[in-house]
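Reader: I am in my first year and would like a close look at a single part of this model, namely its nonpolar core. Could you take me through it slowly and explain each term as it comes up?

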Amino acid sequence: MRPRFITILSLVAAVAATGCSRTDTRVDPARLSAFAPLPDTLTSPANPVTAAKVALGRMLFYDTRLSQATDVSCNSCHNLATYGVDGRRVSVGFNGQEGTRNSPTVYNAAGHVAQFWDGRAASVEDQAKGPILNPAEMAMPNAATVLARLTALAAYRDAFRGAFPGERSPITYDNVARAIGAFERTLVTPSRWDAFLKGDRKALTPVEIAGFKTFDSLGCSVCHNGPYVGGEMFQRVGTAQAWPELTADSGRVAVTHRVADRNVFKVPSLRNIVVTGPYFHNGRTAQLDEAVRLMARHQLGRELTDRQAQAIITWLRSLTGPLPPASSAPPALPADD
């Protein structure tokens, strides 16, 4: 899906009355048509998912040898045992350096319109190349150093040959990214919400259904929709009311250099949102209740009542799916030769 920008007029037009019964479990099918269940695997024609590629990518994702000081891995900032986040406002990388943005979860992210808050990477494969060479993150000096470390290990030489059969020299930086990307494309966390969308109306409680109705009737689903309940468009923060703390980060404009993209960020997915705080691009908000109220105020021009905020959060809990055991535990890594 191509990024699209929603104006305040379209948001206002989407707002309807919010008084819905807590016991009425009926939902207008038209309201659900904006959503879809998660796919089993987030496929890509450019990078087909194979078992050998996924196994290699899983090892690379957890291996700290992809960092200069051998103390940081992809999993350090995107901890798969804690829903793909590290729980920090911003992550810590090489020599204790702090990043400038909150590290979003990698679960379900491969299906998003783009990667990073500013969308500067088109895919998880493109994204995987960045942190390894970023001097504030994993800080490897160049791709050649990465490849030299991997080539020195017989287990990795075998794993790359198995993942990329037929290639004369399979240990390349592009293949590192393809393997990590293939692994991340398996990180899918379907929840009770998916069962509900597939027709099981008992998958959600009446209170959770009422929470969805509140979420939808306020206009939240204009941006947070689709299988990922977000992640499919870019939006300016502060559409209805100026967003605080914008001076330090102007968002997507740094990528596109278009004035219209100032203060524009990727709309985050709400999948697993109750367990992936802190929230927003700068991690400024620790509590979900505050995050929900800030969104309503600055994007919709609404001040939520306590009942509305709690109803939305109750429904958001239904978006938390179980962690896939095959990916959320570290694999056995190749021993040093």
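**A close look at the largest core**

Author: The accessible surface of the chain comes to about 14,900 Å², and 55% of that area belongs to carbon and sulfur atoms; such areas come from the Shrake-Rupley method with a 1.4 Å probe, and for residues only the protein chains shown count as cover. This is a predicted model, in which local features need pLDDT of at least 70 and side-chain atom pairs count only at pLDDT 80 or more, while totals for chains, interfaces and linings use all residues. Residues are numbered from 1 along each chain as its sequence is written, and side-chain values use heavy atoms, with hydrogens and water left out.

Beneath that surface, 52% of the 337 residues of the chain count as buried, a word that means under 20% relative accessible area, whereas exposed means over 50% and partly exposed lies in between (1.4 Å probe, protein chains only). A nonpolar core is a set of buried Ala, Val, Leu, Ile, Met, Phe, Trp, Tyr and Cys residues joined through side-chain atoms within 4.5 Å. The largest nonpolar core has 35 residues, of which Trp193, Phe215, Trp315 and Leu316 touch the most other members. The elements that give two or more residues to this core are α9 (192-197), α10 (206-218), α12 (288-300) and α13 (306-316), and α12 gives the most, with 6 residues. Helices (H or I, at least four residues) and strands (E, at least two) are DSSP runs, numbered from the N terminus.

Let us now turn to one member of this core. Leaving aside neighbours within four places in sequence, Trp193 is in contact (heavy atoms within 4.5 Å) with Leu32, Phe35, Leu204, Phe212, Val229, Arg271, Trp315, Ser318 and Leu319. A second, separate core of 34 residues includes Met138, Leu150, Ala159 and Ala177.

Asp194 has its place in helix α9, and Asp194 is buried, with a relative accessible area of 3%. Not counting residues up to four places away in sequence, Asp194 touches Ala36, Pro37, Leu38 and Arg271; Arg271 is also one of the residues in contact with Trp193.

For the wider setting, residues 24 or more positions apart account for 73% of the contacts in the chain with a separation of 6 or more. The secondary structure of the chain comes to 14 helices and 2 strands, and the C-alpha atoms fill a box of roughly 65 × 45 × 30 Å, taken along the principal axes.
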